[in-house]
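Work through these exercises with the model open beside you. Try each task before you read its solution.

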Amino acid sequence: MPRIAFPPPPSSDAIETLRSEVRAFLKIELADRPPRLRAESWNGFDAAFSRKMGTRNWIGMTWPKEYGGHERSALERYVVLEEMLAAGAPVAAHWIADRQSGPLLLKSGTEEQRRTILPRIAAGECTFCIGMSEPDSGSDLAAVRTRAVEVPEAEGGGWRVNGTKLWTTYAHRADYMILFCRTDGGIGDRQGGTSQLLVDLKATPGVTIRPILDLSGAHHFNEVAFEDALLPADALIGERGEGWKQVMSELAYERSGPERFLSSMALLTELVRALGPSPSGHAAVAVGRLAAHLIVLRRLSRSVAGMLDAGENPALQASLVKDLGALFEQEIPEIARQLVDAEPDLNSTREFSAVLAHTVMNAPAFSLRGGTREILRGIIARGLGLR
C-alpha cells in the first residue's frame, strides 16, 4: 500500500528572527483586542491591519519583487501566518488573496493581471473572494453549473456569465472574485470544460451579492448571483479548459495551512487560563492531550509548507492535514465544556463564556469549509490505493 510521506521541514535562524519580529508587532497591534474578537481568527476583517502587514512586507512574501513580492521562502510565510492566527489577528482582508488567488495569478494570469493586481495585494490594498461552491452541490466542485459563454468579437467579445455561487466568504467586501465555471462541455464531462475567470466585483453589472448570516448572526458568507454578467475577454485565467487543474492546485494551499488547526486556538488559550496554574489531574491530562495533538498537526502542516517551497504538489498530504485539523478544532469546544462550568454566551462579560459561544457556533463548519470530511477521506483513500 502506498505511504504518505511528511519530510522534516527545514529551519533556520532567519525564520526564528522573523518569528520574534512578528510577535513584537502583534504585541503592540493587538494589545486592546479582546479574546472574543481574537476568536474570529482568520474571519476577522480589518483593512487597516492588512495595510500595516503590507507595509511590513508580510503579504506576497514568496512572490517575485517585480510583482510587489519579497522573494522569501514558503516557511517564512508560514511563520507569519501561524503567529497571526495563534494571536487571533484580523487577517481576512488579505487572507484569500495572499493564500491562493495571488499565487494563481502569478502562475496562470496575464502579465497585465500580474502587474496591476499583485502589487496591490502585497500592499494589503486588494481583497479577493473564491467563487467555487454552488447551491445543491455540496463539496462536489465537478457539479459546477455556472456557465460562461464566449461572446463573438462581432458582438463586442468577452464572456457572458450566468449562475450562482454560495458560501462566498467576504464577497460583499471583496474587490475581485476568482470564478470557477463551465466554459465547455456538459453534464457528462464533469471535470473537463471548466475554466476560471477574474471578476471585478466593483465594476461588473449583472452581479448581485446577498448576505448569508451564520449561527452567531455574523455576516461572512454570501450568495453571489450572475445574470448575464459580461466579463472582458482577458478575464480568462490561464488556458480555457484548465479550470479543474488550477482549482486542485489551489486547494493544496487552502487545505494545509495553520488555519486548519488554529481556528479554536483562542478557546484553548482561554481554557488554560480558566483552569489556572493548578488544574485537576483529569484536566491536566485533557489539556496535555490537546497540546500533543497541536504539536503533531503543526509538524505535519509545516512539512507541507516545506514541500510547497520545494515546488511539489502535496495535495494528498494537505487533505490529511485538513481532515485531522478539523477533528482537532471541533474537539476543543467539547472538551472545554466538560472541564469548565460555564454556559456559552456571546454577550457574557466572562471571556471564557463568550469565546466558548463563538467557537461552539462556528465549529460545525470546520469540517465543511475547504472540502467536507467525506470528500477529503475519499481523496486520502484514493491516494493510498484503497478505492
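**Exercise 1. Cysteines**

Find how many disulfides the structure holds, and check cysteine 126 and cysteine 181.

*Solution.*
- Step 1. Keep in mind that this is a predicted model. The number of disulfides in it is zero.
- Step 2. Take cysteine 126. Its nearest cysteine sulfur belongs to cysteine 129 and is 11 Å away. A disulfide needs two sulfur atoms within 2.5 Å. So cysteine 126 is in no disulfide.
- Step 3. Take cysteine 181. The closest cysteine sulfur is again in cysteine 129, at 14 Å, which is too far for a bond.
- Step 4. Check the surroundings. Cysteine 126 has a relative accessible area of 0%, so the residue is buried. Cysteine 181 also has 0%, so it counts as buried.

**Exercise 2. Helix α4**

Describe helix α4: its span, its cover and what follows it.

*Solution.*
- Step 1. Locate the helix. α4 runs over residues 74-87 and has 14 residues.
- Step 2. Compare spans. From first C-alpha to last, α4 reaches 20 Å, close to the 20 Å expected at 1.5 Å a residue.
- Step 3. Look at the cover. Of the 14 residues in α4, 13 are buried, so the helix is mostly covered.
- Step 4. Step past the end. Glycine 88 follows α4, and its phi is positive, near 75 degrees.

**Exercise 3. Salt bridges**

Which parts does the salt bridge between glutamate 83 and arginine 23 tie together?

*Solution.*
- Step 1. Recall the principle. Side chains of opposite charge can pair when their charged atoms come close.
- Step 2. Read the distance. The side chains of glutamate 83 and arginine 23 meet at 2.9 Å, N to O.
- Step 3. Place both partners. Glutamate 83 sits in α4 and arginine 23 in helix α1 (residues 13-29), so the pair ties together parts 60 residues apart in sequence.
- Step 4. Check exposure. Glutamate 83 has a relative accessible area of 8%; buried means under 20%, so this residue is buried.

Now do likewise for glutamate 66 and arginine 115.

*Solution.*
- Step 1. Their side chains form a salt bridge of 3.1 Å, N to O.
- Step 2. Glutamate 66 lies in the loop between α3 (47-55) and α4, and arginine 115 in helix α6 (residues 111-122), so this pair links parts 49 residues apart in sequence.
- Step 3. Arginine 115 has 44% relative accessibility, so it counts as partly exposed.
- Step 4. Look for shared partners. Salt bridges join Glu16, Arg19, Arg23, Glu82, Glu83 and Arg298 into one network.
- Step 5. Read the total. The structure holds 23 salt bridges.

**Exercise 4. Threonine 146**

Is threonine 146 buried or exposed, and what does its side chain touch?

*Solution.*
- Step 1. Locate it. Threonine 146 is in the loop between β1 (128-131) and β2 (147-150).
- Step 2. Read the accessibility. The value is 0%, so threonine 146 is buried.
- Step 3. Find the polar partners. Its side chain makes a polar contact with the side chain of glutamate 134 at 2.8 Å. A polar atom of the threonine 146 side chain also lies 3.3 Å from the backbone nitrogen of threonine 164.
- Step 4. Widen the view. Beyond four places in sequence, the contacts of threonine 146 include Val161, Leu179 and Cys181.

**Exercise 5. Helix α8**

What covers the buried residues of α8?

*Solution.*
- Step 1. List some buried residues. In α8 (residues 265-275) they include Met265, Leu268 and Glu270.
- Step 2. Name the cover. Among the covering elements are α2 (35-38), α4 and α9 (281-309).
- Step 3. Step past the end. Glycine 276 follows α8, with a positive phi near 80 degrees.

Key:
Residues numbered from 1 in each chain as written. Predicted model: local features only at pLDDT ≥ 70, side-chain atom pairs only at ≥ 80, totals over all residues. Heavy atoms only, no water. Helix = DSSP H or I, 4+ residues; strand = E, 2+ residues; numbered from the N terminus. Expected span 1.5 Å × (residues − 1). Buried < 20%, exposed > 50% of the residue type's maximum accessible area, 1.4 Å probe, protein only. Polar contact = N/O pair within 3.5 Å; in protein donor to acceptor, adjacent residues only side chain to side chain. Contact = heavy atoms within 4.5 Å. Salt bridge = Lys/Arg side-chain N within 4 Å of Asp/Glu carboxyl O.
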